[in-house]
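Please open the structure in your viewer and keep the selection tool at hand. The tour goes from one selection to the next, with a short account of what is there at each stop.

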Amino acid sequence: MSLSSPDISRMKRDLAALVAINTENPPGREREAADLISQMLSEIGFDMTLSEYAPGRTNVIGRLENGDGPCFAFNTHIDVVPAGEGWAQDPFTLTERDGKLFGRGACDAKGPLIAMIEAMRWLAANRNDWSGTLMAIFVADEEVASEGAKFYVREAPAHIDYVVIGEPTSNTTYSAHKGSLRPLVRVHGVTAHSGTPELGENAIFRAAQLLGLVEESHEHSVRCRCHPLVGNASLTVTRISGGHADNVLPGACELLLDRRMVPGEDEDAVKQEIQDLLQLAHDKFGVRSEIITFKPTTGGATETDSEDPIVLAGVEACAAQGNPEPGPFGFQGGCDLVHFRSLGTKGIIIGPGSLAVAHKPDEFIPIDEFIAGSKIYCDVALKMLKR
């Protein structure tokens, strides 16, 4: 027996209340939403903790113990990306039309969060059907640097056996995701009057020489590293800034590189490869450059074995809700699974809604997927917490 008839009216009300709380990141300000989520879970018997890693940046941790058995956690994030322009309606007022619910965070990831809470309501009311510990870990800051999840992991929590991460996957099971590194590189030159460029060294020209090597590295080395679920690794540049006056030869130029890693790549080894690339630019062209920082990212790459019981449970639950391609697949972006995997937790990524509409104006979640997602979450938890 599992959740057969979610209360869709309640789910809509809960999602509307959560969407109405602006948790755009930056700056985040998850505390008000965290209070609402904590209240929802307290009402069904969860022991609740609110954990702040910075003022207003709040994680919600709920725990429901129900006899012997494994520890199973639901996780997703409370923050959303900035709403931006171009919406057909107020992004913080949940709007229903054409079988969809529109609003910032509707699918990424307040919709999955509410679907998880609906599943947890059923589990809390039917404790004779499962045994173990059920946790809710809803975190701040996933959209920028996963500081909420990183803080939770640093707190050395009790062991968690299994986790389901809520992200928009169209109710498909994902068992792996890419990771990212973003080194900020400064290329040095020598300033001079732009009318006499021979008296200086143009940092932008030097940066162009380095970028040529970056492109070669991607084409001939990095992209050749391929994972069966997430595809190939990559190296590119996403930002460039140089010069300080119209008539002055630039003495510095900064490049933000974006390195996407696949499961199995070692982060320290990747950092060394980037350093080696800077050295090659120096040896070949005389480019003087340095990595001045690594900008915060969601984190590294990870995977759970495709034959692990939780992966099989996710695939079976997604298929039971009519998904003809239930997985497992690989997530192209990053998410918080990697941080739970660092604790030894085995996990998967599942959620209603499509990544194709996340981070865009008129973000939405299909109502039928919203309902099915709550059923999938409940079924996976029951499979892993079976008596």
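The domain bounds used on this tour come from an automatic or database domain assignment. With that in mind, select residues 8–177 together with 301–385 as domain 1, and then residues 179–294 as domain 2, since these are the two parts that the assignment gives for the protein. Please remember throughout that what you are looking at is a predicted model.

**The two domains and their contact**

With both domains coloured, you can place the C-alpha centre of each, and these centres lie 36 Å apart. The contact between the domains takes 13 residues from domain 1 and 8 residues from domain 2. Together the two domains bury about 710 Å² between them, and 56% of that area is on carbon and sulfur atoms. Now select Ala301, Glu303 and Gln332 in domain 1, which are the residues there that lose the most area to domain 2 and which together make up 49% of what that side buries.

What kinds of pairing cross this interface? The count of salt bridges between domain 1 and domain 2 is 0, while 3 residue pairs are found in polar contact across it, with both residues at pLDDT 80 or more. To see where the domain 1 side comes from, select β8 (174–177), β15 (302–303) and β16 (329–331), the elements that each give two or more residues to the side touching domain 2. The residues of that side divide into 5 nonpolar, 7 polar and 1 charged.

**A span named in a record**

Next, select residues 176–279, where UniProt, in an unreviewed entry, places the feature "domain: Peptidase M20 dimerisation". The end C-alpha atoms of this span lie 33 Å apart, and the span is 30% helix and 34% strand.

**Backbone details in the loops**

Move now to the loop between α1 (8–19) and α2 (31–42), where Pro26 has its place, and look at the peptide bond from Asn25 to Pro26, which is cis, with omega near 5 degrees. Arg29 is found in the loop between α1 and α2 as well, and this residue has a positive phi of about 50 degrees although it is not a glycine.

For another cis bond, go to the loop between α7 (309–320) and β16, which holds Pro328; the peptide bond from Gly327 to Pro328 is cis, with omega near 5 degrees.

**A salt bridge to finish**

Side chains of opposite charge can pair when their charged atoms come close. A search of the whole structure finds 22 salt bridges, and for one of them you can select Glu96 and Lys12, whose closest N and O atoms are 3.1 Å apart. This pair links distant parts of the chain, with Glu96 in strand β4 (residues 95–97) and Lys12 in helix α1, 84 residues apart.

How values were computed
Residues are numbered from 1 along each chain as its sequence is written. This is a predicted model: local features need pLDDT of at least 70, side-chain atom pairs count only at pLDDT 80 or more; totals for chains, interfaces and linings use all residues. Side-chain values use heavy atoms; hydrogens and water are left out. Contact means heavy atoms within 4.5 Å. Buried area is the accessible area (1.4 Å probe) that two parts lose on being put together, summed over both. A salt bridge is a side-chain nitrogen of Lys or Arg within 4 Å of a carboxyl oxygen of Asp or Glu. A polar contact is a pair of N or O atoms within 3.5 Å; within protein, one must be able to donate a hydrogen and the other to accept it, and residues adjacent in sequence count only if both atoms are side-chain atoms. Helices (H or I, at least four residues) and strands (E, at least two) are DSSP runs, numbered from the N terminus. Ala, Val, Leu, Ile, Met, Phe, Trp, Tyr, Cys and Pro count as nonpolar, Asp, Glu, Lys and Arg as charged, and the others, Gly among them, as polar. UniProt positions are given in the numbering used here, feature names are shortened, and annotations may be inferred rather than shown by experiment.
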